[in-house]
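I am opening a notebook on a structure that is new to me, and I mean to write down each thing as I look it up.

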Amino acid sequence: MKTTLRCWTTLAALLIAVLAPATATAQITARDAETAANGQGGASSLSVGAPSAVAGDLLLAQVTFEKGSETTVLPQGLGWTLVHRQNNSADIGQAVFSKQATVGEPLSYGWDFRKSGSPFTVRASGGVTAYAGVDVAGG
């Protein structure tokens with residue numbers, strides 16, 4: 001999973017480079033990150049502690065899960081946008097979500113796993129990283 005997290009951290013850095021305007025005035029920095037896994041037995045959800053963030057930070061979340069193409073991944077909170085999803089058939093899948101941090105962010109973030117609309121038990125891991133200095137408005 002560490003190699004997977006490293007790959008997604010690299011993807012996150014590339015996404016930030018694309019999302020940041022060419023005339024950025026602030027330096028983009030990773031403020032904080034949190035990771036979690038739902039255990040060897042799996043579960044129908046994954047909960048990741050919230051990283052330290054301030055309103056306006058870019059939050060990038062990466063979720064890796066077994067049973068890739070069989071699984072629907074749904075964020076539990078408001079504001080998350082699916083940036084990219086990729087499956088290796090029904091073996092494994094990964095999804096990247098983003099959102100802008102606001103005042104009063106929760107203490108953790110969650111994702112539900114479904115198959116045909118019903119809860120679906122999968123083993124999963126993921127992380128959320130807060131980035132400061134990203135012009136999330138694209139201006």
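Before I read any strand partners, I note the rule I rely on: two strands pair if DSSP finds at least two bridges between them. I also keep in mind that this is a predicted model.

**Entry 1: overall make-up**

I looked up the elements and found one helix and nine strands, which follow the pattern α-β-β-β-β-β-β-β-β-β when read along the sequence. Of the 139 residues in the protein, buried ones make up 35%. I then turned to the contacts with a separation of 6 or more, and residues 24 or more positions apart account for 74% of them. For the surface I noted that the protein exposes about 7,500 Å², with carbon and sulfur atoms supplying 53% of it.

**Entry 2: the open sheet**

In what order do the strands of the open sheet of five strands come? I read the order as β1-β9-β3-β6-β5, with antiparallel pairing. The edge strands are β1 (29-37) and β5 (81-88), each of which pairs on one side only. From one strand to the next, the twist averages 15°.

I went through some of the pairings one at a time. Strands β5 and β6 pair in the antiparallel sense over seven bridges, and here I found Leu 82 opposite Phe 97 in β6. Strands β3 and β6 are also antiparallel and are paired over nine bridges, with Leu 60 standing opposite Ser 98 in β6. On the pairing of β3 with β9, I noted eight bridges and again an antiparallel run, and Leu 58 stands opposite Tyr 131 in β9.

**Entry 3: strand β3**

How many of the nine residues of β3 are buried? I found that nine of its nine residues are buried, so I describe the strand as mostly covered, taking buried to mean under 20% relative accessible area. I checked the two faces separately, and both are covered: Leu 58, Leu 60, Gln 62, Thr 64 and Glu 66 lie on one side, while Leu 59, Ala 61, Val 63 and Phe 65 lie on the other.

**Entry 4: strands β2 and β7**

I looked next at β2, where the side chains alternate: Leu 46 and Val 48 point to one face and are buried, whereas Ser 45, Ser 47 and Gly 49 point to the other and are not. Strand β2 is joined to β7 by five bridges, and the two run antiparallel. The bridge partner of Gly 49 in β7 is Ser 108.

In strand β7 I also looked up Asp 112. The side chain of Asp 112 makes a polar contact with the side chain of Gln 76, at 2.7 Å. Not counting residues up to four places away in sequence, Asp 112 touches Ser 44, Ser 45, Thr 72, Val 73, Leu 74 and Gln 76.

**Entry 5: the nonpolar cores**

Which residues have the most contacts inside the largest nonpolar core? This core has 19 residues, and I listed Leu 59, Phe 65, Trp 80, Phe 97, Trp 111, Phe 113 and Val 128 as those with the most contacts inside it. The elements that give two or more residues to the core are β2 (45-49), β3 (58-66), β6, β7 (108-115) and β9 (124-132). Its largest share, four residues, comes from β3. Apart from this core lies another one, of five residues, among them Leu 60, Val 96, Tyr 131 and Val 134.

I then followed Val 128 through its contacts. Leaving aside neighbours within four places in sequence, Val 128 is in contact with several residues, including Val 48, Leu 59, Trp 80 and Trp 111.

**Entry 6: Lys 99**

My last look-up was Lys 99, which is found in strand β6 (residues 92-100). Is Lys 99 buried or exposed? Its relative accessibility is 11%, and because the cut-off for buried is under 20%, Lys 99 counts as buried.

Leaving aside neighbours within four places in sequence, I found Lys 99 in contact with Asp 57, Leu 58, Leu 59, Leu 78, Gly 79, Trp 80, Glu 105 and Tyr 109. The C-alpha atoms of Lys 99 and Leu 59 are separated by 5.3 Å, although the two residues are 40 residues apart along the chain. A polar atom of the side chain of Lys 99 lies 3.2 Å from the backbone oxygen of Leu 78.

Notes. Residues numbered from 1 in each chain as written. Predicted model: local features only at pLDDT ≥ 70, side-chain atom pairs only at ≥ 80, totals over all residues. Heavy atoms only, no water. Buried < 20%, exposed > 50% of the residue type's maximum accessible area, 1.4 Å probe, protein only. Contact = heavy atoms within 4.5 Å. Polar contact = N/O pair within 3.5 Å; in protein donor to acceptor, adjacent residues only side chain to side chain. Core = buried A, V, L, I, M, F, W, Y, C linked by side-chain atoms within 4.5 Å. Areas by Shrake-Rupley, 256 points an atom, 1.4 Å probe, with all protein chains shown as cover. Axes fitted to C-alpha atoms, helices over the stretch in contact; angles between N-to-C directions.
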